[in-house]
Amino acid sequence: MVSNRQVMAMLDELVELTTLEEGSPQSFKVRAYERARRAVENLGRDLSALDQKEIQGIGGIGKSIAASIAEFCETGLVARQENLRSKYPPAFRELSRIPGLGPKTVKMIRRELGVESLDDLLAALADQRLRDLPGLGATSETKIARAVERLGLAGKDRRTPLVTALPIAETFRQDLSALEGVVAVEICGSARRFRSSVADLDLVVAADPARWSEVMRTVSSHPLVEETLLSGTTKTSVLTRGGLAVDVRVVAPSQLGAAMLYFTGSKAHNVRLRQLAMEQNRLLNEYGLFAQGEDRPEASETETEIYAALGMDWLPPEIREDTGEIEAAREERLPRLVSVEDIRGDLHFHTDRSGDGRSSPAQMVEAAIRAGMEYVAITDHGEDLAINGLSRAEMEGHRREIARLGERYPGIELLFGCELNIGVDGDLDYDADYRLGFDWCVASVHSHYDLAPRRQTERLLRAVADPAVSAIGHLTGRMLGRRPGIEMELDVVLEEMAARGVALEVNGALDRLDASPEVVRRAVAAGVMLVISTDSHHTTELMRMSYGVSNARRGWATAEAVLNTLPREKFMEVRSRRLSG
């Protein structure tokens with residue numbers, strides 16, 4: 001049976017393919033697929049139980065797309081999707097994610113230069129052949145080459161952004177968990193460690209041995225799979241239609257902990273653990289921890305018991321990188337990292353009053369209450385952000401609506417806020433006096449990503465110095481796999497933020513995860529307070545908080561380092577436009 005998650009993945013791919021076919025992300029067909037995808041995301045029913053007429057009756061889904069969804073639910077395939085896949089294979093589609101190469105441009109360089117893949121593009125760049133094409137030139141050629149380099153696409157070990165990989169992993173987990181005899185399905189590898197990109201996906205399935213062959217068959221025949229690379233009794237490797245390798249290992253339930261530990265990694269972390277086991281005259285592998293010469297493991301069922309047998313507490317997957325975590329655990333000085341349960345509020349929160357928001361203020365507030373939030377800063381865009389921002393008059397109407405919602409929902413503190421746009425020279429929306437009327441302002445970069453590092457530093461310092469700014473949002477402006485972040489003198493910026501009491505946002509959107517774990521660790525060391533935010537534009541996006549928390553945990557952030565772990569009354573006491581250091 002096809003799940004709603006699989007339908008959403010199908011529609012996401014059709015958005016990408018149709019953008020290439022139409023030559024624009026703004027075409028009618030592209031937007032229709034985007035509307036349908038949102039409709040499925042918000043649907044509280046199982047699509048596979050509906051016929052085509054019933055699917056067409058769902059708001060946001062037209063006749064043609066309803067037919068495609070019905071076709072997918074029945075056969076696992078969509079003819080239009082298959083035709084476009086053959087026309088635009090994964091290697092070619094990868095090119096359209098590079099800044100400077102929109103759909104029209106990639107089709108032009110394919111037509112004029114025969115560029116079909118990243119390797120072809122690199123060869124064309126090396127030969128300086130792009131500069132002679134209409135609308136490009138030497139400057140564009142240099143920018144494209146720089147973008148390829150900064151996105152890390154030129155190396156041999158190319159990686160898939162987590163925003164692409166994690167939904168695929170979750171789909172496999174959901175579908176394999178439904179099989180009879182399956183006890184657990186765990187996402188391991190880089191995805192479990194919450195790295196921003198993965199080389200492949202690793203899943204461990206604990207199941208009754210009598211059902212192992214069924215697990216293997218289900219993986220190989222999955223609708224997302226293009227090709228089976230390896231098929232064995234306990235392991236199968238497949239390639240998805242998007243070109244991502246997925247390795248699935250099936251084990252007995254008694255071996256689950258050992259397999260999770262082994263396949264989560266990192267390689268450096270595992271090497272250190274095996275060395276530690278050898279020093280204790282033991283052997284550690286994917287089947288368990290064994291005394292030398294013994295066949296029965298001392299520990300294998302859970303990771304906790306294996307770590308305990310090695311003389312340390314369980315280590316959070318996010319920090320298993322051999323960057324001091326093993327020493328800290330053995331010496332009982334491992335910090336308690338921030339958790340989702342610690343979070344009390346969300347301080348970057350949009351409604352449909354922003355041009356890019358999709359849920360009303362009331363819907364967003366109700367969703368925040370359901371998520372257990374004690375306070376929320378509603379931060380719709382300021383007037384300087386084209387299309388999406390609110391004029392002063394619109395913002396005043398918004399202020400009144402937030403006040404009314406505050407009266408209706410006294411159980412949650414609603415802060416009248418704004419996401420201010422940081423201009424090319426660090427200028428901000430509205431005038432200085434008006435900005436001071438907001439309860440909370442997050443200031444963010446949304447343009448001019450190619451400025452020299454010194455200019456980026458100066459524009460950020462000017463924003464940090466503004467007395468209305470409470471936090472800097474998604475610091476670098478990166479979009480993982482699509483746009484590298486701005487370059488700046490990071491230590492200078494962090495020092496100024498610490499001195500002025502401006503918080504650093506850890507943005508939970510999977511395509512941002514900004515600030516990065518490395519920046520988080522440096523920020524905490526510099527004395528900068530963090531805020532973990534969802535940057536939600538729809539009620540379904542509040543689950544991003546868990547992503548933001550995982551990203552902060554990779555940076556070793558504790559609850560004490562995160563401002564929005566404070567309970568409501570304490571937060572309101574310490575809240576000000578200049579946070580105490």
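The exercises below work through one helix, one sheet and several salt bridges of a predicted model.

Residues are numbered from 1 along each chain as its sequence is written, and side-chain values use heavy atoms, with hydrogens and water left out. Local features need pLDDT of at least 70 and side-chain atom pairs count only at pLDDT 80 or more, while totals for chains, interfaces and linings use all residues.

**Exercise 1. Compare the expected span of helix α14 with its end-to-end distance, and find which of its residues are buried.**

Step 1. Helices (H or I, at least four residues) and strands (E, at least two) are DSSP runs, numbered from the N terminus. The expected span of a helix is 1.5 Å times one less than its number of residues. Helix α14 covers residues 267-279, which is 13 residues, so the span should be 18 Å. The end C-alpha atoms of α14 are 18 Å apart, in agreement with this.

Step 2. Buried means under 20% relative accessible area, exposed over 50%, and partly exposed in between (1.4 Å probe, protein chains only). In α14 the buried residues are His-269, Asn-270, Leu-273, Leu-276 and Ala-277. Looking down the helix axis, these residues fall within an arc of 120°, so they line one face of α14. The arc is taken from the directions from the helix axis to the C-beta atoms.

Step 3. On the other side of α14, Lys-267, Met-278 and Glu-279 are exposed. The cover over the buried residues includes α13 (256-264), β8 (282-285), β9 (288-291), α15 (303-309) and α16 (325-330), where contact means heavy atoms within 4.5 Å. Just after α14, Asn-281 has a positive phi of about 60°.

**Exercise 2. Give the strand order of the open five-stranded sheet and place two helices against its strands.**

Step 1. Strands of a sheet pair through backbone hydrogen bonds, either parallel or antiparallel. Two strands count as paired if DSSP finds at least two bridges between them. The order is β2-β4-β7-β6-β5, with mixed pairing. At the edges stand β2 (182-188) and β5 (225-231), each with a single partner strand, so one side of each has no neighbour in the sheet. On average, neighbouring strands of this sheet are turned by 20° against each other, direction ignored.

Step 2. Strands β4 (residues 201-207) and β7 (residues 245-251) pair in the parallel sense over six bridges. Leu-201 has Val-246 in β7 as its bridge partner.

Step 3. Helix α10 (residues 162-177) lies across β2, β4, β5, β6 (235-240) and β7, at about 170° to β2. Helix α12 (residues 212-220) also packs on the sheet, touching β2, β4, β5, β6 and β7, and its direction makes about 10° with that of β6. Axes are lines fitted to C-alpha atoms, for helices over the stretch in contact, and angles run from 0 to 180 degrees between N-to-C directions.

**Exercise 3. Find the salt-bridge partners of Arg-211 and of Arg-454.**

Step 1. A salt bridge is a side-chain nitrogen of Lys or Arg within 4 Å of a carboxyl oxygen of Asp or Glu. By this rule the count is 45.

Step 2. Arg-211 pairs with Glu-180, with the closest N and O atoms 3.1 Å apart. Arg-211 lies in the loop between β4 and α12 and Glu-180 in the loop between α10 and β2, so the pair ties together parts that are 31 residues apart in sequence. Arg-211 is partly exposed at 28% relative accessibility, and Glu-180 is exposed at 53%. Arg-211 also forms a salt bridge with Glu-214, at 3.3 Å between the closest N and O atoms.

Step 3. Arg-454 pairs with Glu-458, again by closest N and O atoms, 3.3 Å apart.
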